[in-house]
Amino acid sequence: MVNKSKNSNIKPLPFLEKVHEGISRIDYVPYDYQYINESLKHNLRPYQLSALFSLDWVQKHDEVQQHNHLMFNMATGSGKTDVMASNILYLFKEYGYTNFLFVTNSNAIVNKTKENFLNSNSSKYLFAPTINIDGQLVDIKQVKNFPLNQQANAIYIKLTTIQSLSNEINYSKENGLTIEDLENYKIVILADEAHHFNAQTKSQKQKETSWEEVLDRVRNANKLNIQLEYTATIDIDKDEVYEKYKNKIIYKYDLNRFMDDGYSKKVFRLEANNDNNQKLLNAILLSQYRKRIAHKLNISDFKPVVLVKSNRIKTSEKV
């Protein structure tokens, strides 16, 4: 159940509009992405291809080359990780990027992504059994540090939580990653669940050890570095976050479009202007009503679930 008033003021996203106009022009010729579909387990859906074309357009236009920090704002379940995998292959082939730093806020997502990108025996693995680009087999290798002497046709990926990366960067230790090390490489930062990396922007406080600042330092270590962010949730209703991302979001595919295109399970959305307590009470009453209907229809073991989500842990505890 969402608060209707929060969605009433839609702020413009000028860079997103510019990118959308660019890939819609007759003179825009997308690169041949067939090698990407051949190298992935699943063919990209049309909207996922649009996300890829958005990145391609940005990379090809000189007037936007200063944009090395970009965001894909896509609904949960729409396949952001497939888009991420296609971005890896695209940047490897088209621009020679071999070093990728995947960072997120939880170990659970790190472990899931290892299954997606590295475990070819997993049902969750997103790549084809063999990755063939221009007739060459390409290996994806997990590393703790990016090697100075790199093999031909190899993609190196470091997967870490932002907490671990912050400790490595701020507290040097043996075999740990340092900013000095990063200066030697051009790197693509893949920031998943990126809405967690905006605490400094939201608070407007300058904290030298914030997660946001750590990613800024990594991105700025080499002028060729790129930071790609992926999230379903970005608080652009907050002025500070809007100012940060209004010229960084290059693709947006929200839940409404996801449902309208027929890819999502059918979801009924209820909007309300009630306070939190009233919305919680409504949710519980609706859940109990469904339970009584199920019993009346002799549907056994029917256990409705209510999920209450807040933006902050403290708020959830209070509720």
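Here is a friendly conversation about a predicted model of a protein chain.

Visitor: How many helices and strands does the protein chain have?
Guide: Welcome to this predicted model. Both kinds of secondary structure appear in the protein chain, and the count comes to 13 helices and 10 strands.

Visitor: What is the radius of gyration of the protein chain, and what would a compact globule have?
Guide: The chain holds 319 residues, and a compact globule with that number would have a radius of gyration near 20 Å. The C-alpha atoms fill a box of roughly 65 × 45 × 40 Å along the principal axes. The value for the chain agrees with the globule value, and it is 22 Å.

Visitor: What share of the residues count as buried?
Guide: A residue counts as buried when its relative accessible area is under 20%. The accessible surface of the whole chain comes to about 18300 Å², with 47% of it belonging to carbon and sulfur atoms. Of the 319 residues, the buried share is 43%.

Visitor: Among contacts between residues at least 6 apart in sequence, what share join residues at least 24 apart?
Guide: Here we look at contacts within the protein chain, leaving aside pairs that are not at least 6 apart in sequence. Of the contacts that remain, the share joining residues at least 24 apart is 73%.

Visitor: How far apart do the centres of the positive and negative side chains lie?
Guide: The protein chain has 43 positive side chains and 37 negative ones. Each set has its own centre, and the two centres are separated by 9 Å.

Visitor: Are the rings of Tyr-47 and Tyr-253 stacked or edge-to-face?
Guide: A search of the whole structure finds 12 aromatic pairs. In the pair of Tyr-47 and Tyr-253, the ring centres are 4.0 Å apart and the planes meet at 10°. Planes under 30 degrees apart count as one class and those over 60 as another. The angle of 10° therefore makes this pair stacked.

Visitor: Which helix and which strand does that pair link?
Guide: The two residues are 206 residues apart, so the pair links distant parts of the chain. Tyr-47 is buried at 4% relative accessible area, and Tyr-253 is buried at 0%. Tyr-47 belongs to helix α3 (residues 46-60), and Tyr-253 belongs to strand β9 (residues 249-253).

Visitor: What kind of aromatic pair do Tyr-47 and Tyr-263 form?
Guide: This pair links Tyr-47 in helix α3 with Tyr-263 in the loop between α11 (255-260) and β10 (271-272), 216 residues apart. Tyr-263 is partly exposed, with 32% relative accessibility. The centres are 5.1 Å apart with 65° between the planes, and the pair is edge-to-face.

Visitor: Which residues do ring pairs link into a cluster?
Guide: Tyr-47 takes part in a pair with Tyr-253 and in another with Tyr-263. Ring pairs join these residues and others into a cluster, whose members are Tyr-47, Tyr-251, Tyr-253, Phe-258 and Tyr-263.

Visitor: How far is Asp-261 from Tyr-47 in space?
Guide: Asp-261 sits in the loop between α11 and β10, and its relative accessibility of 43% makes it partly exposed. Along the sequence, Asp-261 and Tyr-47 are 214 residues apart. From C-alpha to C-alpha, the distance in space is 9.4 Å.

Visitor: Which residues does Ile-88 touch, not counting residues up to four places away in sequence?
Guide: Ile-88 lies in helix α4 (residues 80-95) and is buried at 2% relative accessible area. Its C-alpha atom is 7.7 Å from that of Phe-100, a residue 12 places away along the chain. Leaving out residues up to four places away, Ile-88 touches Phe-100, Phe-117, Ile-155, Ile-157 and Leu-190.

Visitor: Which residues does Thr-130 touch, not counting residues up to four places away in sequence?
Guide: Thr-130 is in the loop between α5 (107-117) and β4 (131-133), partly exposed at 49% relative accessibility. Leu-40 is 90 residues from Thr-130 in sequence and 9.0 Å from it in space, C-alpha to C-alpha. With residues up to four places away left out, Thr-130 touches Glu-38 and Leu-137.

Visitor: What is the phi of Asn-298?
Guide: Most residues other than glycine have a negative phi. Asn-298 lies in the loop between α12 (276-296) and α13 (313-318) and is exposed at 69% relative accessibility. Although Asn-298 is not a glycine, its phi is positive, at about 60°.

Conventions: Residues are numbered from 1 along each chain as its sequence is written. This is a predicted model: local features need pLDDT of at least 70, side-chain atom pairs count only at pLDDT 80 or more; totals for chains, interfaces and linings use all residues. Side-chain values use heavy atoms; hydrogens and water are left out. Helices (H or I, at least four residues) and strands (E, at least two) are DSSP runs, numbered from the N terminus. The radius of gyration is taken over C-alpha atoms; the globule rule is 2.2 Å times the number of residues to the power 0.38. Buried means under 20% relative accessible area, exposed over 50%, partly exposed in between (1.4 Å probe, protein chains only). Contact means heavy atoms within 4.5 Å. Accessible areas come from the Shrake-Rupley method with a 1.4 Å probe; for residues, only the protein chains shown count as cover. Lys and Arg count as positive and Asp and Glu as negative; His and the chain ends are not counted. The place of a charge is taken as NZ of Lys, CZ of Arg, CG of Asp or CD of Glu. Rings of Phe, Tyr and Trp (its six-membered ring) pair if their centres lie within 6.5 Å; planes under 30 degrees apart count as stacked, over 60 as edge-to-face and the rest as tilted.
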